[in-house]
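User: I am new to this structure and should like to understand the terms used to describe it. Please show how each term follows from its definition.

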Amino acid sequence: MEAEIRRRARNKMRRYYPDSGPLRRELYPKHQEVFRSGREFSERLLIAANRIGKTEGVGAYETTLHLTGQYPDWWEGRRFTGAITAWVAGDTSKTVRDIVQVKILGSHGEWGTGMIPGDFIVGRPTAKPGIPDAVETVYVRHTSGRNSTLVFKSYEQGREAFQ
C-alpha cells in the first residue's frame, strides 16, 4: 500500500487529462486548445481567471511533457523528439520558488512529487544562490536517452537583466 501511494505521488503527470472520470480532457477545452496551438505557434499567451489551472494544468504539464518526451497518445500539440532546454519564470525568485517550483518539482526535500515524475529527475537539483530552498537548474531524463535542462528564472531585476 505504501509503495502504491509513493508511486502515485511521484507520477502526477499521468493522472492529468484521462479519457474518463472527473478530470477527463473534454472538461478542459481551453487547456486543450492551448496545447494544440503549440503546433503552429512558438509563443502563446493564456489569460484566464485565477485558480483554473494555468500554472499546473497548462504550464507545468506541457513543460513536463517536453522535458521528458512522455507524450500521451491523445497529445495534439508540438512534440520534441530530443532533449530540450527550457526556462520557467516568474516575477520574483521567491514566487518562482513558492509557486512554479513546487508545481513542477514538488515541495523542497520531496522532489519528484510535482509534475515531473520522480524517476525522471537526474541527480539533485542545483540550488539558487541567495534564496533558501530555491532551485536554479534541474536535469530531466528525456525518452531520447539524453537529459533535458530546466532553468528557474525571475525577472525581478528588470527586462535587461532577464534577457
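User: Which residue forms a salt bridge with R44, and what makes the pair a salt bridge?

Analyst: This is a predicted model, in which local features need pLDDT of at least 70, side-chain atom pairs count only at pLDDT 80 or more, and totals for chains, interfaces and linings use all residues. Residues are numbered from 1 along each chain as its sequence is written, and side-chain values use heavy atoms, with hydrogens and water left out. The partner of R44 is E62, and their closest N and O atoms are 2.8 Å apart. A salt bridge requires a side-chain nitrogen of Lys or Arg within 4 Å of a carboxyl oxygen of Asp or Glu, so the pair qualifies.

User: Why is E62 called buried, and R44 partly exposed?

Analyst: Buried means under 20% relative accessible area, exposed over 50%, and partly exposed in between (1.4 Å probe, protein chains only). E62 has 7% and is therefore buried, whereas R44, at 35%, is partly exposed.

User: What joins K12, E56 and K103 into one network?

Analyst: Salt bridges that share partners do so. The side chains of K12 and E56 meet at 3.0 Å, N to O, and the closest N and O atoms of K103 and E56 are 3.7 Å apart.

User: Why do K12 and E56 count as buried?

Analyst: K12 has a relative accessibility of 18%, so it counts as buried. E56 is likewise buried because its relative accessible area is 15%. K103, at 28%, counts as partly exposed.
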